[in-house]
Amino acid sequence: MSTSRRPSFKALPGPSPPERGGGDRGLRFSLSRPPEPAPHGLREMFAGHLRELLDLLTPTCRGLDVRVDGFRMLNHPEAVRDLYPEDPTHRAEIDDPLEVYEPRLGYIRRLIESLLDVVDLEYGGRIVRVDGFRLKDPRQWLVSGGGAADILAHAATRCNLKCRFCYNDGGPPPFRPRPRDPDLEYRDVLTRIEHYVPDSGLGLFPAAGGPCEALAHPRAMEMLTELRSRTGETIRIPTNGSLLTPETIQALTGRRPVFLDVSLNSSSPARRRWLMNDPRPETAVESLAGLREAGLPYSVVIVPWPFPSIRIMLEDLEETVGFADRHEPAFIQISLPGYSRFFSDRPLFDHDRVWEGIKETVLALRERTACPLILRPGLYEEYQTPQAVNDPRPIGVIRNSPADRGGLRAGDRIVKLGGLAVQGRPQTRTLLTTLHRSELDRVPVVVRRQGRPLELEFDLRDYDYPYDPGTVGHLGIVFACAGLPTAWLENLRQVVTLHRAATVLLLTSRLVRPALEDMIRSHGFFSGLALHLRVPENGYFGGNVFMGDLLVVEDFVRAVRAFLDEGIGRPDLIAIPASPFHLSGWGRDLRGRVYKELDRRLGIPTALVPCDPIFD
Ligand code: SF4
């Protein structure tokens with residue numbers, strides 16, 4: 001397979017319904033072919049196929065993984081071919097994030113292209129030129145994803161505003177939104193709705209990258225109508241609010257249940273106009289009252305942007321939180337401001353000063369805000385006090401949720417749920433999720449409030465606006481972050497045992513490291529093991545990004561090389577939490593690179609430690 005060719009992997013829209021042949025409901029994908037046959041097509045083909053397969057599977061022998069870096073052809077057994085002679089990355093940069101989420105499609109595309117490098121296809125004795133392929137049975141490709149909201153996100157490729165901090169502007173190029181013809185997008189969404197299995201949440205390929213403004217699509221309401229006819233689930237819609245006129249709110253009311261995440265950013269029309277280039281900022285500001293009146297639940301999202309000064313940003317944050325709280329959102333989310341090197345190649349602000357200032361303001365605002373105030377990333381609030389990370393103490397309770405009506409308050413420590421003693425936050429959340437989905441009517445709860453035990457009872461059927469059980473789990477209880485499950489340490493232990501490693505380099509993130517070290521110390525799982533923790537830099541994303549889940553293979557390679565330079569010695573195993581490679585379940589980072597590249601490039605066995613993306 002030729003791997004130097006730049007991928008041109010685009011999902012093409014299916015033909016319009018009248019053009020479709022019987023039973024043809026598949027999605028289509030383009031092929032690229034060089035103008036001339038590739039010079040070493042046949043010789044290179046088998047190596048290419050093998051490399052592709054080794055990025056999708058791991059060969060085993062007697063149940064154990066086998067590392068492969070070459071092969072011999074049976075007709076030339078004396079010649080060993082090196083699979084990764086120069087560049088073990090062997091891949092061109094992806095230009096479509098679907099390569100990350102569904103790499104089997106990329107494999108099929110390159111497989112066909114490589115065959116077309118060495119043969120021509122015929123029909124009736126004549127050469128047939130092909131420039132694409134389609135899926136015969138899309139049902140084979142269903143994967144669990146984000147439900148109805150995810151389908152709508154496929155059409156959220158355009159935005160009517162231009163925020164100063166737009167995260168889509170700052171995304172890596174393959175993940176930037178690329179609007180297509182609205183009618184083609186509409187038909188694409190109809191195909192997805194047709195194949196969607198609401199009960200299991202199975203759908204046709206997840207949406208990739210950050211969605212823009214779904215309501216800016218000219219056929220948004222038609223798509224919502226189609227979705228509503230397919231599923232009764234709550235459709236969650238992120239919106240910048242600029243199109244939430246009384247008429248739009250009325251139209252959404254007819255398509256309930258919906259839940260809106262309104263990026264208000266500022267309640268001051270002048271500042272919102274400046275921040276978001278919104279020519280009619282009053283529409284979004286006034287929409288909160290309209291949503292409340294219409295009984296449509298929503299959250300408010302605020303990105304504090306530290307310009308023209310930190311003081312002005314914090315004053316505006318206080319005003320905006322107060323304004324939003326008066327209109328009864330389910331919760332308010334404050335996203336700490338971030339930017340990548342794709343957004344700015346120079347530092348934009350004093351990161352620590354800005355983030356600390358926002359955190360302190362949010363903690364103070366919680367004292368006088370009725371709805372939960374959530375800081376994102378949530379772990380930032382607690383990571384410097386590791387014991388807090390797993391403490392089952394809510395930071396807020398959603399108004400009129402079963403927990404609120406049952407008397408739970410922010411700061412209570414949950415001790416028992418349904419008669420079961422709880423051990424920490426991850427277990428508490430798991431139990432709450434089970435209760436949330438259960439058919440139970442009432443649940444006894446024991447908390448400690450100001451040091452004293454207190455017995456409560458939650459009526460799981462007793463709730464009202466703005467709580468929406470279809471959107472918010474945990475019976476309305478909000479924690480700062482998900483916590484760090486101790487099961488993760490057990491997974492790490494199993495990986496280490498499987499590799500019979502005595503020296504392990506564990507790569508983690510700045511936010512996780514303190515809690516992880518605390519857990520390792522207190523569990524004593526790893527006595528006798530030389531376990532070294534290091535934190536890679538987010539070199540690929542750059543800017544002020546320091547999130548573990550945004551690390552890519554290249555960042556991990558750099559961190560391992562730096563560790564080797566320390567002179568401590570060569571580890572037997574590199575262990576990495578699976579979450580940076582979790583997007584698709586195919587072990588790929590955000591550039592589409594497989595974690596196995598570390599082993600190929602460094603010659604050190606590398607394993608992913610299973611973990612869900614754990615931090616809210
Ligand atoms: S509303 Fe969202 S997508 Fe639109 S410009 Fe602002 S940040 Fe970007």
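This report describes one strand with its two pairing partners, and one helix with its surroundings, in a predicted model.

## Strand E23 and its partners

Strand E23, which spans residues 503–507, has four of its five residues buried, so the strand is largely enclosed by the rest of the structure. Buried here refers to a relative accessible area under 20%.

On one pairing, E23 and strand E24 (residues 530–534) run parallel and are joined by five bridges, and within this pair Leu 505 stands opposite His 532 of E24. Between these two strands the chain passes through helix H16 (residues 513–523), forming a β-α-β crossover that is right-handed. E23 is also joined to strand E25 (residues 573–577), again in parallel, by three bridges, and in this pairing Leu 506 of E23 stands opposite Ala 575 of E25.

## Helix H5: span and N-terminal cap

Helix H5 covers residues 182–195, and its 14 residues reach 20 Å from the first C-alpha to the last, which is close to the 20 Å expected at 1.5 Å a residue. The N-terminal end of H5 is capped by Asp 181, from which a side-chain oxygen lies 2.7 Å from the backbone nitrogen of Asp 183.

## Helix H5: buried residues and packing

The buried residues of H5 include the charged or polar residues Glu 185, Asp 188, Thr 191, Arg 192 and His 195, and with them Tyr 186, Val 189 and Ile 193. These buried residues pack against two strands, E10 (142–144) and E11 (202–204), and against two helices, H4 (147–153) and H6 (220–230).

Key
Residues are numbered from 1 along each chain as its sequence is written. This is a predicted model: local features need pLDDT of at least 70, side-chain atom pairs count only at pLDDT 80 or more; totals for chains, interfaces and linings use all residues. Side-chain values use heavy atoms; hydrogens and water are left out. Buried means under 20% relative accessible area, exposed over 50%, partly exposed in between (1.4 Å probe, protein chains only). Two strands pair if DSSP finds at least two bridges between them. A crossover is right-handed if, with the strands pointing away from the viewer, the path from the first strand over the helix to the second runs clockwise. The expected span of a helix is 1.5 Å times one less than its number of residues. Contact means heavy atoms within 4.5 Å. A polar contact is a pair of N or O atoms within 3.5 Å; within protein, one must be able to donate a hydrogen and the other to accept it, and residues adjacent in sequence count only if both atoms are side-chain atoms.
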